[in-house]
Amino acid sequence: MNERPLLQVCVGDTFALSIPAVTTTQLVRYAGASDDYNRIHYDQGYAQEAGLGGVIAHGMLTMGFMGRAVSEWAGPAAFIVDIEARFNAPVRPGDVVVVTGTVADSAPGSDGRQRLRCEIVARVGQKTVASGAAVVAAPLAH
């Protein structure tokens, strides 16, 4: 979680979250939660025949990691207003995903809450697997 109140966050501030290695159990659970049972996410032979080199994680699971990083940084009093991502490379079982974020903009919203736009990047090792942005509504000052 962010060490400073969100109203004191500055453009250029950063945050990061390391996700434990992705497991095939996690992929099966995500398939159930998302109702996405595409065989490329659990059937090694099928995924190889499809030219993917093996099973890959759901892109939306990777985006979920990105949202988790933003949410944990922002804390429970804030909420994500918008999030978007572009997937650049597959995530595979065993991969450790590290999400980093940078506050790119801060401006008041129409509801009086501060809006923080964060650029977010998910990487496995040095490879960018997804990149995008999120907008967080910071709580009102007390």
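This passage walks through the sheet and the helices packed around it in a predicted model.

The sheet is an open one, built from five strands in the order 1-3-4-5-2 with antiparallel pairing. Strand 1 (14-19) and strand 2 (79-87) sit at the edges with a single partner strand each, so one side of each has no neighbour in the sheet. Going from one strand to the next, the twist averages 20°. Strands of a sheet pair through backbone hydrogen bonds, either parallel or antiparallel. Here, strand 3 (residues 97-108) and strand 4 (residues 114-124) run antiparallel and are joined by 11 bridges. Along this pairing, A107 stands opposite R115 of strand 4.

Helix 3 (residues 59-74) is laid across strand 1, strand 2, strand 3, strand 4 and strand 5 (127-137), and runs at about 145° to strand 2. A handy residue to look at in helix 3 is T62. With a relative accessibility of 4%, T62 falls under the 20% cut-off and therefore counts as buried. Leaving aside residues up to four places away in sequence, T62 touches F87, V91, A122, V129 and A130.

Helix 3 also packs against helix 1 (residues 24-34), at an angle of about 100° and with the two axes 10 Å apart. That angle lies between 65 and 115 degrees, so the two helices are roughly perpendicular to each other. Helix 1 brings Q26, L27 and Y30 to the contact, while helix 3 brings M60, L61 and F65. Sorted by class, the residues of this contact are five nonpolar and one polar, with no charged ones.

Methods:
Residues numbered from 1 in each chain as written. Predicted model: local features only at pLDDT ≥ 70, side-chain atom pairs only at ≥ 80, totals over all residues. Heavy atoms only, no water. Pairing = 2+ DSSP bridges. Helix = DSSP H or I, 4+ residues; strand = E, 2+ residues; numbered from the N terminus. Axes fitted to C-alpha atoms, helices over the stretch in contact; angles between N-to-C directions. Contact = heavy atoms within 4.5 Å. Buried < 20%, exposed > 50% of the residue type's maximum accessible area, 1.4 Å probe, protein only. Parallel < 35°, antiparallel > 145°, perpendicular 65-115°, else oblique. Nonpolar A, V, L, I, M, F, W, Y, C, P; charged D, E, K, R; others polar.
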